[in-house]
Amino acid sequence: MSGFKDSFVANLAKRAAANRKRIVLPEATDERVLRAAAQVLQDGSAEVIFIGEKAEIDAKARVLGVDLSAATVVSLDDTTRLNRYVPKLVELRQHKGMTEEKARETLKDISFFATMMIVCGDADGMVSGAAHTTAHTIRPALQVIKTRPGVKLVSGAFLMVFDDHFDVYSDCAVTIAPTAEQLADIAVVSAATATQFGLEPKVAMLSYSTIDSGTGPMVDLVREATALAKAAAPEMAIDGPLQFDAAVVESVAAKKAPGSKVAGQANTFIFPDLNAGNITYKAVQRTSGALAIGPVLQGLNAPVNDLSRGATVDDIINTVVITAIQAQG
């Protein structure tokens, strides 16, 4: 990695270590997760909680040659915890027909069990998805952690770390075809994410048209979303619709969007749909060598973050650190 990338990642780890949070990793049978956890513990970035059986995890640690002695291991069969989690889950999901019997069955699922650890105050955040789908990871959070007051949906941002700076790309992970209201919501929470990780957000609402140069349903949607976001967060620096070149190149911005406080200097990019967002972040990551950290799930009452099933050990470490920082508030 470049000097900036190295220092960016190191600074994140330092921030996480300054106020260590308890991060639960349900996928304790995955070798990558165990190796990442060992590094997190060595760095002191977070306290690690595994879901599984201690003897099995200790045996895997010996085979891998990693030290996990500082981690906490919680069994799915922990009676004391189940006696707290079951009634709480019934309380939260009774309106959906949840019974004690169903709750006990539901809590055999590692993602649901880990999520209830957060709900009941036994963990501060969760990272999963190395061996499970995105839906498996975040569905329990949507059902029992739910979104923060004033936030309508969960979205997924990436911190795109280049050789000399970083940007925020959103939504690249969750919402397939957002409405104007949802896109505005994504813009507001993405600006908050940018602020949390050290940017003064300048939000570009991306489109194939800049300001009023083009027409069409997608342009109209982005234009409406921009107006809604401005109304919701009048202090936020935001403009759109903007083409990507107008958003980042000052000379292009001067011609296409003169007078804009965002065009030519944007650092937080809101894509009009998941196709555009997901394709773009992967294309930039693979062709420019950018480090893509995320997805950072935005809008939940407590941090739950999803891993790609192709995640590397470094990806998992970075996601645990990001989750710990989110948990700091």
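Two residue pairs are in polar contact between domain 1 and domain 2, both at pLDDT 80 or more. A polar contact here is a pair of N or O atoms within 3.5 Å; within protein, one must be able to donate a hydrogen and the other to accept it, and residues adjacent in sequence count only if both atoms are side-chain atoms. Keep in mind that this is a predicted model, where local features need pLDDT of at least 70, side-chain atom pairs count only at pLDDT 80 or more, and totals for chains, interfaces and linings use all residues. Residues are numbered from 1 along each chain as its sequence is written, and side-chain values use heavy atoms, with hydrogens and water left out.

On the domain 1 side, the elements giving two or more residues to the surface that touches domain 2 are helix H1 (3-18) and helix H13 (313-328). H1 gives the most, with five residues. Helices (H or I, at least four residues) and strands (E, at least two) are DSSP runs, numbered from the N terminus. By type, the residues on this side of domain 1 are five nonpolar, one polar and two charged. For that split, Ala, Val, Leu, Ile, Met, Phe, Trp, Tyr, Cys and Pro count as nonpolar, Asp, Glu, Lys and Arg as charged, and the others, Gly among them, as polar.

Now for the domains themselves. Domain 1 covers 4-146 + 302-328, and domain 2 covers 155-288; the bounds come from an automatic or database domain assignment. Their centres, taken over C-alpha atoms, are 31 Å apart. Eight residues from domain 1 and nine residues from domain 2 take part in the contact, meaning heavy atoms within 4.5 Å.

Together the two domains bury about 860 Å², with 70% of it on carbon and sulfur atoms. Buried area is the accessible area (1.4 Å probe) that two parts lose on being put together, summed over both. Phe4, Lys5 and Phe8 supply 58% of what domain 1 buries against domain 2, more than any other three residues.

Lys5 also has a charged partner. The rule finds one salt bridge across the interface of domain 1 and domain 2, and 13 salt bridges by the overall count. The rule asks for a side-chain nitrogen of Lys or Arg within 4 Å of a carboxyl oxygen of Asp or Glu. Lys5 pairs with Asp163 in this way, with the closest N and O atoms 3.5 Å apart. Lys5 sits in helix H1 and Asp163 in the loop between S5 and strand S6 (166-170), so the pair ties together parts that are 158 residues apart in sequence.

There are seven aromatic pairs in the structure. Rings of Phe, Tyr and Trp (its six-membered ring) pair if their centres lie within 6.5 Å; planes under 30 degrees apart count as stacked, over 60 as edge-to-face and the rest as tilted. One of the pairs, Phe158 with Tyr281, is stacked, at 3.8 Å centre to centre and 20° between the planes. Phe158 is in strand S5 (residues 155-161) and Tyr281 in helix H12 (residues 274-288), 123 residues apart.

A few backbone oddities are worth a look. Most residues other than glycine have a negative phi, and most peptide bonds are trans. Lys146, in the loop between helix H7 (134-145) and S5, has a positive phi near 65°. The cis peptide bonds are tabulated here.

| Cis peptide bond | Omega | Place of the proline |
|---|---|---|
| Gly240 and Pro241 | about 0° | Pro241 in strand S8 (residues 237-242) |
| Gly294 and Pro295 | about 5° | Pro295 in strand S10 (residues 291-298) |
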